[in-house]
Amino acid sequence: MKDIETIDTFNQITVDINGDVGSPLGYMAGGFHAGLRRKKKDFGWIYSTTKATAAGVYTLNRFKAAPLKVTEDSINIDQTLQAIVVNSANANSCTGDRGIQDAKDTQSWVAERLNIEPHHVGIASTGVIGSFLPMDKMKRGVDHVLHDAFNQSDYFNQSILTTDTTTKHVSVKVNIDNQIVTIGGTAKGSGMIHPNMATMLGFITTDAKVGSEPLNECLKQITDHSFNMITVDGDSSTNDMVLCMANGQVDHHWLDENHPEWQKFVYAINYVARYLAQSIAKDGEGATKLVTARVKGAIDIHEARKMAKSIVSSNLVKTAIHGEDANFGRIVTAMGYASKHINPHATNVALCQVAVVKAGMSVAFDEAYLKKQLEADNIIIEATVGDGDGEATAYGCDLSYEYVRINASYRT
């Protein structure tokens, strides 16, 4: 992909794969090595020069981590944030009342440094579950927020990583009311990825003017199409969270579903979310291939989503893809147990654009040719399961020996 790619949909939506949460007007982001990790940056921040409308989507795991609880409660006060701080290496999860207080103390320190209200500071953590935060190191990180030497957005992109092998970020420009609006995004995630909104965190910023209610509904909608349609290993973490900030620094009419260009904005922010989601799936722990499953013809979108996600979640499908084995039986099996509404006699499956199932029956194909296609980095599985209107796409990765090695020694 080129560094800058123009997307024709909706007339000139421009994507910058070098962009990130610091790209929209009025945002600064950075990162610092506070000592939570041995060498790498481990404390990051996002700051808006003005207050921003805020929305969040959080894990459904019952063991919700302390920073998520604090952030959710803070946003609920007036649906506004001005800063977000994130630490890696320590999830501050399963830490009880002390974990809550540690998150609140961090929030207060940041607020004091930036001269803003504590509830206008979002808190996020990622890393090992069950350990208390080393607050002396957290304080050291806070003391460097907005420091000129560390106020580079790529430092933020690096600071939130755990087992990720690469940073994940993008920005989009879109014309709203003849004004250029920018949407930036940064995410992390590699293992424990099966969001149900893994150790997945996503941050989206925009300089658009959007009210709290439409922003919240938009974030929920795009999350269902992106972050909630990826899987690496089937595990949902205690710390999954996606936060969105809109600081309104571009002078256009306020955006909501009644604005004539609302769908253009939704498309653009959805592009950012999908790009980040695919980047997470592609960077799954030990992964060598991105797997995309597209299901059409289901009775509704919910059934389509269940089947698509079941395909990319199946360990048997994932290992077959890793072994470059055209074992399509694993694909139809995964769909068959995901939905009772699937019509086997109307089911067609293609693997890497090669038909392997028609009307529920296997069809002859060139094994050697298909095996060669399965050597690619991006594997596409397409299934039609009836004549309904339901369509969905899910993203996952293969399951390798390296995944076992990484997670067998995660704490060491």
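Cysteine 244 is buried in this predicted model, with a relative accessible area of 1%. Cysteine 244 takes part in no disulfide, and the nearest cysteine sulfur, which belongs to cysteine 218, lies 7.1 Å away. A disulfide would call for two cysteine sulfur atoms within 2.5 Å. Cysteine 352 tells a similar story: this residue, too, is in no disulfide, and the nearest cysteine sulfur, that of cysteine 397, is found 16 Å away. With a relative accessibility of 14%, cysteine 352 also counts as buried. A search of the whole structure returns 0 disulfides. In general terms, a disulfide is a covalent bond that joins the sulfur atoms of two cysteines.

Attention now turns to the backbone, where two residues invite a closer look. Glutamate 324 is not a glycine, yet its phi is positive, at about 55°. Where along the chain does glutamate 324 sit? The residue is placed in the loop between helix H8, spanning 315-322, and helix H9, spanning 329-338.

Alanine 359 likewise has a positive phi, near 50°, in a residue other than glycine. Here the flanking elements are strands: alanine 359 lies in the loop between strand S13 (354-358) and strand S14 (361-362). Is alanine 359 buried or exposed? The answer falls in between, as a relative accessible area of 41% makes alanine 359 partly exposed.

Note on methods:
Residues are numbered from 1 along each chain as its sequence is written. This is a predicted model: local features need pLDDT of at least 70, side-chain atom pairs count only at pLDDT 80 or more; totals for chains, interfaces and linings use all residues. Side-chain values use heavy atoms; hydrogens and water are left out. Helices (H or I, at least four residues) and strands (E, at least two) are DSSP runs, numbered from the N terminus. Buried means under 20% relative accessible area, exposed over 50%, partly exposed in between (1.4 Å probe, protein chains only).
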